[in-house]
Amino acid sequence: MAQISPAQQAFIDTIAPFCIKYAKKYGFKVASAGIAQACLESGYGTGVYPDNRNKVINPLTGEWRHNYFGLKYRPNRVNCNNGYFNSTGTEQHADGSYTPTTTDWYKFESLEKCVEGYYQFINTANYAQVKAATNPLTYLQAIKAAGYASSLNYVENVYKVVENCNLKQYDTSFVVTPVTPVSPSTSNKSSLINYTKLSPNNSGKRTHAIDRITPHCVVGQWDVTTFGSYFGRPDVKASCNYGIAKDGQVALIVDESMRSWCSSSNENDQRAVTIECSSEKTHPYAFNDAVYNKLIDLCTDICRRNGKNILLWIADKNTALNYTPKSNEMLLTVHRWFKAKACPGDWLMARMDDLAAKVTAKLSGAVTSQPVQPTSEFPYIVQITANVLNIRKGPGTNYPVVGQIKDKGKYTIMEVQNGFGRLKSGVGWISMKYTQKI
Ligand SMILES: [Zn+2]
């Protein structure tokens, strides 16, 4: 850790009260990040930057140039009676290259005016996320995202100053309303939750009602605590509503009423409950049985609590994303539709149909799509009573096994011969001994 000099500390002592005062005046919730920006941009008030833009005194003219934040001149943006001055400098591009530029910089008449000018400068809609930030790191990430600085390492470099100079102490007088905790009495909690560690990585309340579920593969066999500690880190800048651990336990990471940062799509995550699932680390990112079975249960529970009795999987991306679910329908979506990545993995992709069918089967009223013919005994619906039931090519044990039913689900029988029922799907026949007509 870098040692700070008495002169540097003196600069911090001078500027900090003004940063606190004007951050509050303009509705910001953090002062430390602004103090750190001023330290870095002005060389702790000494103007060591090569383009001289922050020099307190121009050595040639003796003229004062209070601009500790590297603020570029924008007409009518802030109150600055002194106008601006020019300098040549460099601008860094996304590819790391530099080009020389001539820039106009504000020239404030005092340090205090300069600090107020800085908060006026960022007191615009473009910087709304900066104003919303309740800690210096999210503040700096937001200010960089809003285009304040072009340097690629800006956030990292300024945040280092926050830490090295112990600047968080200047944030303690801000009254901050916590973003994450939700009153338990008003939230719609799942009874399947085994562990809760709320993540700061969220956008607060959803702006869209829940009508999607997006399962992900987390690419690793995680415990509930791994979900909690990983998504608890602000620098990860990601989260999920739920995590399913390798043993099938469920972690609550972002309350269901809030928008998580999971699927690389604001539009999707505003309306989707996102679920990160433990998986193998390599293609096809398979889930073990405990994880997959819990995913089925959790999706069922989410649908039920949100008033849905059908979980839909539409394999075609464009059709799915253009589909407006009916009030009783929940739509499945996948991360790979929003970003070029494997998530949720080919293993789950091959089972999205199965997931939708099993969840829908578990939800009441989901099997009425096949109307029962009043004039005939067939078709009718049975519930499977055996844990594992063979499907045979024909009506008898002398026919080869072509598949198995392991979900104790509900199936439609088209006809019965020799005690075997023919499945509507056309896959084959099952023994009626292990079924119950419903
Ligand atoms: Zn994903």
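Select residues 410–417 and 420–423 to begin: these are strands β15 and β16, which pair in the antiparallel sense over three bridges, and, like everything else on this tour, they belong to a predicted model. If you pick out I413, you will find its bridge partner in β16, namely L423. Now look at the turn, where two residues lie between β15 and β16 to make a hairpin, and where N418 has a positive phi of about 50 degrees.

Extend the selection to residues 429–431, which are strand β17, and you will see that β16 pairs with this strand as well, again in the antiparallel sense and over three bridges. Here G421 is the residue to click, since its bridge partner in β17 is I430. The hairpin formed by β16 and β17 has five residues between the strands, and G426, which sits in that turn, has a positive phi of about 85 degrees.

Next, move to the sheet that contains β10. Seven strands form this open sheet, and if you step across it you will meet them in the order β3-β7-β6-β9-β5-β11-β10, with mixed pairing. Which strands stand at its edges? They are β3, residues 193–196, and β10, residues 310–312; each has a single partner strand, so one side of each is left without a neighbour in the sheet. As you rotate the view, note that neighbouring strands of this sheet are turned by 30 degrees against each other on average, direction ignored. To examine one edge in detail, select β10 together with β11, residues 329–332: these two strands run parallel and are joined by three bridges, and I310 has E329 in β11 as its bridge partner.

Finally, go to residues 6–25, which form helix α1. This helix has 20 residues, and at 1.5 Å a residue it should span 28 Å; its end C-alpha atoms are 29 Å apart, which agrees. Centre on I15, where α1 bends by about 30 degrees, and then look for the proline P17, which follows within four residues.

Which residues of α1 are buried? Colour F11, I12, I15, A16, F18, C19, I20, Y22 and A23 to see them. An α-helix has 3.6 residues a turn, so residues three or four places apart point the same way, and this is worth keeping in mind as you turn the helix about its axis. To see what covers the buried residues of α1, display α2 (32–42) and α3 (111–121), which are included in that cover. Just after α1, end the tour at G27, which takes a positive phi of about 85 degrees.

Technical notes
Residues are numbered from 1 along each chain as its sequence is written. This is a predicted model: local features need pLDDT of at least 70, side-chain atom pairs count only at pLDDT 80 or more; totals for chains, interfaces and linings use all residues. The expected span of a helix is 1.5 Å times one less than its number of residues. The bend at a residue is the angle between axes fitted to the seven residues ending there and the seven starting there. A residue is buried if 20 or more other C-beta atoms lie within 10 Å of its own, exposed if 12 or fewer, and partly exposed in between; C-beta atoms are placed from the backbone. Two residues are in contact if their C-beta atoms, placed from the backbone, lie within 7 Å. Two strands pair if DSSP finds at least two bridges between them. Axes are lines fitted to C-alpha atoms, for helices over the stretch in contact, and angles run from 0 to 180 degrees between N-to-C directions.
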